[in-house]
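Colleague: Please pick one part of this model and take me through it closely, atom pair by atom pair. I'd like to see how it sits beside the rest of the fold.

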Amino acid sequence: YVYFLDSDDYLYPDVLNQMCEFVVANELEMACFNVLKDGITPYYSTSLTIPICTGNEFVTRFRNSENYSYVAPVWMYVYKKSFLLDNNLWNSEGRLHEDEEFTPRALYCAKRVAMLNIPIQFHRVMRPGAITSAISRRHLNDSVQNLRDLYTYFAGNERCVNAIYSGIYDYAFSTLRKAYDNGYSLKQIDFKRSDIIKWRYFAEGEYRERLCKLLYINLYTMIKYSRDELPIIYRKLINRFV
């Protein structure tokens, strides 16, 4: 079994025993746990429980409870080593936010996943210099490449993965929002028109399709529309014609 731990976080006493017992007793390929941000705030609702199911079902149940598709960080999970090897599941070496690309693929492949909702680690969020504390062009460029790789992996799949697709869509939108908020253009983060097509692949529903189409106009219009900050007449025209 494999567990990933960031160098600036730490596990609580005796949790490895509980994690291993849970995984082995249920013959799991993946197991999800909770963590405490800065030792205080749970990553997701402490009342959520998910029994043994496929990765697709796991994501659907998680989204129905938490209103987002899944938790991406690899340190939220334990993995069976043979599961990783059999499905050729690896992180992209040297890339930032690599778990955003890894976790959807792992959940898609998993046939036995379950959740033990206990806090297993103290996760540092507010530490100065942490990788998530500043947004650079490299952060955003690597996220765009994650989107491309996920499109390549999932394009043509026949299995129903609506909830996983929704999570990938949200990740791409979050990347675009961060680019806008930090003053980067699409060109600066290497987001091309062809990447809009890849983003649209994961879009479901009229509203999400509309955001993708608005990006063909420009990033400003798409973000302002999503935040309901456009003049009313402009928004009405978009709702009618886009």
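Modeller: I'll start with a cluster of charged residues, then move on to a helix crossing and the core, and finish with one strand residue. Keep in mind that this is a predicted model, where local features need pLDDT of at least 70 and side-chain atom pairs count only at pLDDT 80 or more, while totals for chains, interfaces and linings use all residues. Numbering runs from 1 along each chain as its sequence is written, and side-chain values use heavy atoms, with hydrogens and water left out.

Let's zoom in on Arg-148, which sits in helix α5 (residues 137–154); helices here are DSSP runs of H or I with at least four residues, strands are E runs of at least two, and both are numbered from the N terminus. At 14% relative accessibility, Arg-148 counts as buried (buried is under 20% relative accessible area, exposed over 50%, partly exposed in between, with a 1.4 Å probe and protein chains only). Leaving aside residues up to four places away in sequence, Arg-148 touches Asp-190, Lys-192, Asp-195 and Lys-198, a contact being heavy atoms within 4.5 Å.

Two of those neighbours pair with the arginine. Arg-148 makes a salt bridge with Asp-195, with the closest N and O atoms 2.8 Å apart (a salt bridge needs a side-chain nitrogen of Lys or Arg within 4 Å of a carboxyl oxygen of Asp or Glu). Asp-195 is in helix α7, so this pair ties together parts that are 47 residues apart in sequence. Asp-195 is buried, just as Arg-148 is. The other partner is Asp-190, whose salt bridge with Arg-148 has its closest N and O atoms 3.5 Å apart. Asp-190 belongs to the loop between α6 and α7 (193–201), so this bridge joins parts that are 42 residues apart in sequence. At 33% relative accessibility, Asp-190 counts as partly exposed. Add Lys-192, and you have a salt-bridge network of Arg-148, Asp-190, Lys-192 and Asp-195. The structure holds 14 salt bridges, including one between Asp-228 and Arg-235, with the closest N and O atoms 3.4 Å apart. Asp-228 is exposed, at 52% relative accessibility.

Now for the helix crossing. The axes of α6 and helix α9 (residues 219–226) come within 10 Å and cross at roughly 110 degrees; axes are lines fitted to C-alpha atoms, for helices over the stretch in contact, and angles run from 0 to 180 degrees between N-to-C directions. That makes the two helices roughly perpendicular, the label for angles of 65 to 115 degrees. From α6, Phe-173, Leu-176, Arg-177 and Tyr-180 meet Leu-219, Tyr-220, Met-222, Ile-223, Lys-224 and Ser-226 of α9. Sorted by type, the contact residues are 7 nonpolar, 1 polar and 2 charged.

Met-222 also leads us into the core. The largest nonpolar core has 73 residues, and Trp-199 and Met-222 touch the most other members (such a core is a set of buried Ala, Val, Leu, Ile, Met, Phe, Trp, Tyr and Cys residues joined through side-chain atoms within 4.5 Å). Helix α6 (residues 162–181) gives the most to this core, 9 residues. Met-222 touches Phe-173, Leu-176, Trp-199, Leu-211, Leu-214 and Leu-215, again skipping residues up to four places away.

Finally, look at Tyr-77 in strand β5 (residues 77–79), buried at 0% relative accessible area. Its contacts include Val-2, Met-30, Cys-32, Val-71 and Leu-107. The C-alpha atoms of Tyr-77 and Pro-231 are 44 Å apart.

How values were computed. Parallel < 35°, antiparallel > 145°, perpendicular 65-115°, else oblique. Nonpolar A, V, L, I, M, F, W, Y, C, P; charged D, E, K, R; others polar.
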